[in-house]
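Let's go through a few labels in this structure and ask what each one rests on. Have a look first, then we'll talk.

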Amino acid sequence: MDVLFLSRLQFAVTAAFHFLFVPMTLGVVVLVAFMQTLWYKTGEEYWLKLTKFFGKLFLINFAIGVVTGISLEFQFGMNWSAYSKYVGDIFGVPLAIEATAAFFLESVFLGLWIFGWDKISKRVHLLSIWLVAIGSNLSALWILFANAFMQNPVGYKIAEGRVELTDFAAFMLNPYGWVKFFHTIFAAYCVGAFFVMGISAYHILKKRNVEAFSKSFKLASYFCAFSALMVFVFGDFHAKDISKYQPSKFAAMESVWETQKGAGYPILVLPDESGEKNTVEALKIPYMLSILATYDPFGEVKGLKEFPKEERPPVFLTFASFRAMVGLGFLFIALSLLSVWLSWKNKLENPVFLKIMIFSIPLPYLAMQLGWIVAEVGRQPWAVYGLLKTAQAVSPNLSVSQVLFSLAGYFIVYSFLGFAGFYLMFKNAVKGIEN
Amino acid sequence: MEFFQVLWYVLWSVLWIAYFATDGFDLGAGMAMNFISSNDSQKRAVINAVGPFWDGNEVWLITAGGATFAAFPSAYAYMFSWLYIPLFLLLISLIIRGVSFELRGKTEIKKIWDIFIFAGSFFASFLLGAAFGNLWAGIPVGPQGYLGGLLGLLNFSGILTGISLTVFFCFHGLLWLLHKIEGNFKEIIYSKAKLFWYITVFCLALFLIFLPLSKNPNFQKNSFSGWLCVLFYALSAISLISVKKALDRGFVFLSFLLSFIFIIFWAAGGFAGQYPNLIPSNLDPVFNTTAFNSSSSLYTLKIMSAVALIFVPIVIAYQIWVYKLLNHKINPEDPSTLHY
């Protein structure tokens, strides 16, 4: 165990934990804002109750999401000081803007929303939840552009032994950033929508407040169907960007070893990393892989052998995570379309369907985590693709005992937070709307 | 180039000062909560008094961190990796405190959250004070980096500043609670605040007598920034004395504002005194990390200046607006004023 390994483990654990709460925040806040808007427009009592009910679950989730975010910003300096020194001229910019232009909006107006019931006008109160939604979505934009720079660096020059920003417009127009933003944000909407649908399904199944929960189910199902389709569309764009800008990641995602043109897409694949081949490759759809990578059936797909061994990401983990994520993505489209159809036909009372929806709540969370494994493990061995390796990014002055201490501390505190947070969400979700 | 480096030294200081002056009162209220309350509704009153604001206040810390990263990347890299353990403990303190404010009201067991609120607020305040006390006094930075070791911050200047900031925040928090809370509980807070004023004055006096900056070999007494430093410390002392006058006459909100100004000037004194060093070395000035040798490129500083000049005023404006909108009083005996 060295400082590099422990720092990577710590960042992975703390980022993954933080990202259990972030997508739910991004998705549910928009749905709660819609519910409150519907109450504002229609005056129907059930929209108010739903706003408060899902609002409470959102706040429990938000509390843990917000406090676990700071440790990620600080870790760049604490554990990755060589990285921070090398790319801070660029990478610090979106982080600073995120805090100034997004976090304040989110945090200040969330305080107003929580404590403003009956104290401020309904209009300003409604405005406050929308500002929270805008703030949290904007924060996602900035942090994903920071990440996009690590994946596809643009708008920079190398001077004085570091990376310097030369073109802020180019940084903001990074195609990788926009596609990544929309892919991630719509995926987060699916997390929020499945959460609302699953909990609504539970109460419909228990025949409690069926009228209200049918409404929230319907709202979330439309939101989810649109979002799930958008995740697919932007996922496809994303794959093309990856094959263009990060060919080694693309090759690992699809476990392609040899560079080929007019490549087919094998449905069954089992990679053999040490043998540099696939043990199983079956049910090939002709030309499909080339189309996925380039739009062109005869387009070239680079294979892993194109890259020296020390510049390839871990193949199996990247490949398996990608396949599982894509499979889940298709499942979400199917389930959300089915949900739309059933709630449109007012046929939600099917217990099997409702149970499926309840047990589907964790699946979009899982898909999100898998997506980040593809993004971050697939970028290895690079911290900034093509510019700086992860091994060069770590703080030179840390000792193993320091990082072990913090890792153990995070483990203890986050276990407690995770337990407390999910327990309270579960308890309040099951309790339902109080009359 | 130099203009923007100086500007960012100033902005960097302003962001830290804004953090101290705003989050200071909710950290202080968090520390005071268990000691001034005799029942659960009084504790709830304290939490409701800071509940809407603590998170927005804490964003000043994230912004200060982000601004250090963007404007002075190598200072960010050194400061955060050299002070690894103290920063980790600061993060854990802030995590357990924030989550306790939010979750305490949603659970049956209150004890553990009460301990977290105190411990998180106390350690966060003390560690911030200890860290800046060390920066003001200068830290042992040699050719191989920081030589202070694991407990390097716990020297005289660090402990003095840590305790001082903890006391200042407690006082600041009591004044905020005095402004927000009414009923019998207000009388209790009022008497504690009056008492705490003496402790605060005592700490400020100790701090100024054993001034950490006086140990800093880089402190330039006869320079513009040196004179500013003296001026700021003088103004902070005057502000603290005026708090007492306002408090005695019952101008509660004014006394809070004066304490706000007191903390601003106190912190500003330190930042003026350490200028232009972000991380002063007390071994040899060659190893100082300054605004001039650690800054980002001119282009990045310009972009960041535009961002700061547009957004910081907007943020301050809506933060004040929200404070005004939530200007209602809280009474522990009136459950309708207790939300959490």
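**Why call it that?**

A:Pro381 sits in the loop between helix H13 (362–377) and strand E7 (382–384) of chain A.

Tutor: Keep in mind that this is a predicted model.

Student: What makes the bond between A:Gln380 and A:Pro381 a cis peptide bond?

Tutor: Look at omega, which is about 5° there. Most peptide bonds are trans. Chain B has a cis bond from B:Tyr275 to B:Pro276, with omega near -5°, and B:Pro276 is in the loop between helix H10 (252–274) and strand E3 (277–279) of that chain.

Student: Why is A:Asp118 called exposed?

Tutor: Exposed takes 12 or fewer other C-beta atoms within 10 Å. A:Asp118 has 10, so it is exposed. You'll find A:Asp118 in the loop between H4 and helix H5 (122–151) of chain A, and its phi is positive, near 65°, though the residue is not glycine.

Student: And what makes A:Leu283 exposed?

Tutor: With 11 other C-beta atoms within 10 Å, A:Leu283 falls under that same cut-off of 12 or fewer, so exposed it is. A:Leu283 belongs to strand E5 (residues 277–285) of chain A and has a positive phi of about 55° without being a glycine. Most residues other than glycine have a negative phi.

Student: How many residues does each chain bring to the contact?

Tutor: Chain A brings 56 and chain B brings 57. On the chain A side, H4(A) gives the most, with 24 residues, and the division there is 33 nonpolar, 17 polar and 6 charged.

How values were computed:
Residues are numbered from 1 along each chain as its sequence is written. Chains are lettered from A and ligands numbered from 1 in the order in which they are written. This is a predicted model: local features need pLDDT of at least 70, side-chain atom pairs count only at pLDDT 80 or more; totals for chains, interfaces and linings use all residues. Two residues are in contact if their C-beta atoms, placed from the backbone, lie within 7 Å. Helices (H or I, at least four residues) and strands (E, at least two) are DSSP runs, numbered from the N terminus. Ala, Val, Leu, Ile, Met, Phe, Trp, Tyr, Cys and Pro count as nonpolar, Asp, Glu, Lys and Arg as charged, and the others, Gly among them, as polar. A residue is buried if 20 or more other C-beta atoms lie within 10 Å of its own, exposed if 12 or fewer, and partly exposed in between; C-beta atoms are placed from the backbone.
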